[in-house]
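Hi,

Here is the structure I promised to pass on. Have a look at it first, and then read on for what turned up.

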Amino acid sequence: MKGFGAFREWTDIDLADVDLVALVGPTGSGKSTIIDAITFALYGTVARYENNQLVAPAINQTSNEARVSLEFGLDGQILTATRIVRRTTSGRAATREARLERGDHVLAGDVTSMSQEVKGLLGLDVEQFNRTVVLPQGKFATFLHDNHKDRQSTLVRLLGMEWYRRIGAAARGRAAWAKAQTGALRANLASETRHLTDERRAALEHRVTQLDTARTRFKADLEAINDLDNELHNLDDGIRRLSDQIDRMESVVAPDGVAELADQITNATRERTDAEENRRRRSTERLRAKEALRDGPDIATVRLGLEEHAKLAQQSREYDDVAKRLDTAVREYASAKRAADRVQKEQTELDRCVEEAREAERTARTARETAVTTTQVDTWSKTHSRYSDASKHARATDEAVRSAEESMRPLEKALRDAESAASGSSARVDDLRQRAGILGHVHLLEVGSDCPLCLQEVHELPAHDLDTELRQAEAHNAVVLSALDKARQACKDAEAVRMKRRAEASSALKALGGYEADIASIPPSNQLGALRTKAVELEAAVGKAKSSTQQAETAARQHRESAAHAKVIEAYDAVNRQMNRLRGSKDTLESELTSLRNRVLALPREDALHSELAKAERLEAELREADGRFEDAETEYQGASAQLAAVDGQREQAIELFHASRAQIAEFEPPIADTTDLVRAWTTLTEWTQREARAGATKHGAAAENKSVTEQLRAERLANLRDRCVHLLDNVATDATVSELGDLLTEHAASAAANLKHFDEERHRLENLRKQIAYRTEQAEVADELGYLLHADRFGGWLMEAAMEVLVEPATARLLELSGGQYSLEVQQRDFAVRDHTNADELRMTRTLSGGETFLASLSLALALADATAEIAAEGAPRMESIFLDEGFGTLDPHTLDTVATAVEELGTTGRFVGIVTHIRELADRMPVRLEVTKTGGAATVERIET
């Protein structure tokens, strides 16, 4: 909590390992606020507020918002309920945040959903929660005094009997649904019965037979038409073959220029023979030039040798240059290394100084850390000061207690004197009043008659004047009683002062005991000065060592980062890299030079290589001339060959044309011809095709006449078939084909069969419909009866009476124990009543009980309800494992209070959490854990005390 009610600052209260706890403290200290916070975290309201929507009073007067977070266990899981309320500018308040979490999972994130989720998880709304779990001030006897309807609602939710109401509602809904279904099914049954007659089925069956007969005759007609179609097809094929034969015979024609083609072939053959002889002669000359070049010097080898001689001279010059540069670099490296060694030595010395300074600083810090610090000394000094102040305060409060007790003695004596005087004065007034009452009958006495009181003869009438004496006695008695009231008030005020002084003395003594424990664990006050001096010296030594370390680090860093240091190191690195690079170059050149010299020694001299190069170049030129002459001869030969090939191509084309023309009519077996004499072959073939064309024309005319007769016969057959289909079927097109007519017959036959099958299926469905109506009717009757029995004023009322009977038995046992056998609980007309066994077993309604009696009865019922819930609740109902009691203990006498405390202790041993709120110290001290709530300056604090 923070800012909630009296708890202005953060306050954490842990009850996880507690079975019994007492919240104890003065009136108004904030005890009940802790219980309010539990209810507020869950439901967002406080039972003590008249309006459940009111949240502003929950915020502390000095705060702008109130925060409450409750962590609780439910069915083995840990949940957290958090609410934050903040003041608005209008002076009211609104819930800014409401959240219910289970681990990392958020179950609800706003006010509405959180209230619904908490109600669903616990099974209780806030009113029922305040009747059974948290019993706050003013609400303790609510369940005892509830009317029948509210108490039944609480028991239904608490014991999980809501299921029976839901079952009843579901049964009534099921009955209504079944009746509606039955009505709809009956309407369908009446509608369907009119159409599913035996006459309709006979008509459907006749239609199926009629269509089956038509399909059989259609198949026979279709076979006859198909035979005619095949015959027409064969006639068409014969006519097409004859037309094709005539066309192909007439397409055979001899090509032009067949006679001149033989002379062209002879001339082209002679020219190619001459070109072939010239090419052979030039080829022999080129072969001789190639052999001469092959036997002469190898130009590639000669040129490679000359390149090796030139490369040797070049690398010799490069090697000499690298050797000179390396000598110069070696001298520069020696000078740079001496300079680098000097600055490195200086840096090493500075780094050593840094390490020495750091080690000195670590030693100083270790000494300081293991010794007492000035902060510790100041803390100890304050502790001694607080102890001294607490001692003075304890002595002062003790003196105040003695002073208060001394001041009580004369007041108590005065009270005793006043009580004695009042007793005597009151007795005198009573005596005078009795005598005055008797004297009021003096007018009944007569001289000579018997006295009605003593039955003695009256000889003389008495003469008394008691009125004045009585008035004086009553006036004196009023003064004495007023003095008694003043004496009592004075004693009461003095007793209050004494109790306050005793509480202050007890608190001061308790605080002093805590400071004594603190004093015992720290050095005496006379040693603190020396300890402070030592701590200051160690702190100064650490500062000095730290300064030395910083100076050494600065000097080393400045030297390392100086331009001169960097310049020397860079110069050394550059010279070293150059020297290593030149050494590598020299070694590489030296290795390559040795290899090159060895290769050159194996070669001819350079002048000899130049002479061989000139000879090789001359032989290459002669070969190029021979290649040119051969290529000219090859070109001439290729031209002659192409001319001969062209003429041969024309001849081949003429032959291919002949064979292609003959192939077109090969199936008609034309005469065999020799293509070596193309003119004669073409003459033989064309004369034969002309004769065959004339014979084919005669056959074509006869086939056309036969086709006309067959087509007439087919048309007659088709007309008869269409007429029958039109008569049998509806909507037949006049141009419908035979295939379309067959499809129509098949479709109508299938449709007729489907209609008959559907008719039979509908009759079967009608029978199932009758069975469904019977089933739904029975189902509606059963559900209707169950809904009637489970109505709230029937089974629900009986169930509530049974639950109250089960509940009242342990409550009576508890009440008999708490009341010393005087009272027991009973159920009368669905309400609770109390039987007073010490008053002739009088039956009393609960609202006639006194405050103490009401507390005992309410506590017995609450404890019995908590005990019995787990046993009588339905599956899934919330288990009552916690109970808070927040009033009523002050109305009990000491004996009853002891009995109640024992009962609460026994309840705590059952594994259930029990919390009580009380200001009675005797009761609180019996609890194993106390939460001492105190309030100072408008802010409440909590201290946990275990006994």
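A quick definition before anything else: a salt bridge here is a side-chain nitrogen of Lys or Arg within 4 Å of a carboxyl oxygen of Asp or Glu. Please also keep in mind that this is a predicted model.

With that cut-off, searching the whole structure turns up 34 salt bridges. One of them links Asp341 and Lys337, where the closest N and O atoms are 3.1 Å apart. Both residues belong to helix α9 and sit four residues apart, so about one helical turn separates Asp341 from Lys337. As background, side chains of opposite charge can pair when their charged atoms come close.

Now the helix packing. What does α9 pack against? Helix α9 (residues 299-370) meets helix α13 (residues 563-601), with the two axes coming within 6 Å and crossing at roughly 155 degrees. Angles over 145 degrees count as roughly antiparallel, so that is how α9 runs relative to α13. The crossing of α9 past α13 is left-handed. As for what lines this contact between α9 and α13, the residues split into 22 nonpolar, nine polar and 12 charged.

There is another helix pair to look at: α7 (residues 198-250) and α16 (residues 738-789). Their axes lie 9 Å apart and the packing angle is about 155 degrees, and α7 and α16 are therefore roughly antiparallel to each other as well. Here too the crossing is left-handed. The contact of α7 with α16 is made up of 15 nonpolar, four polar and nine charged residues.

On to the sheets. One is an open sheet of four strands, ordered β2-β3-β4-β5, with antiparallel pairing. Which strands are at its edges? Those are β2 (65-74) and β5 (105-108), each of which pairs on one side only. From one strand to the next, the twist in this sheet averages 25 degrees. Strand β4 (residues 93-102) runs antiparallel to β5, and three bridges join them. Leu100 has Ala108 in β5 as its bridge partner. Helix α2 (residues 111-122) lies across β2, β3 (77-87), β4 and β5, and runs at about 45 degrees to β4.

Further along the chain comes an open sheet of three strands, in the order β7-β8-β9, again with antiparallel pairing. Its edges are β7 (823-828) and β9 (842-845); each has a single partner strand, so one side of each is left without a neighbour in the sheet. The twist averages 35 degrees from one strand to the next.

How many bridges join β7 to β8? Six, with the two strands running antiparallel. One pairing to click on is Gln828, whose bridge partner in β8 is Asp831. β7 and β8 form a hairpin with two residues between them, and Gln829 in that turn has a positive phi of about 50 degrees. On the other side of the pairing, strand β8 (residues 831-836) is joined to β9 by four bridges, also antiparallel. Val834 is the residue that stands opposite Arg844 in β9. If you are colouring side chains, remember that in a regular strand they alternate between the two faces of the sheet.

Cheers

Key: Residues numbered from 1 in each chain as written. Predicted model: local features only at pLDDT ≥ 70, side-chain atom pairs only at ≥ 80, totals over all residues. Heavy atoms only, no water. Pairing = 2+ DSSP bridges. Axes fitted to C-alpha atoms, helices over the stretch in contact; angles between N-to-C directions. Parallel < 35°, antiparallel > 145°, perpendicular 65-115°, else oblique. Left-handed = near helix turned anticlockwise from the far one by under 90°. Nonpolar A, V, L, I, M, F, W, Y, C, P; charged D, E, K, R; others polar. Contact = heavy atoms within 4.5 Å.
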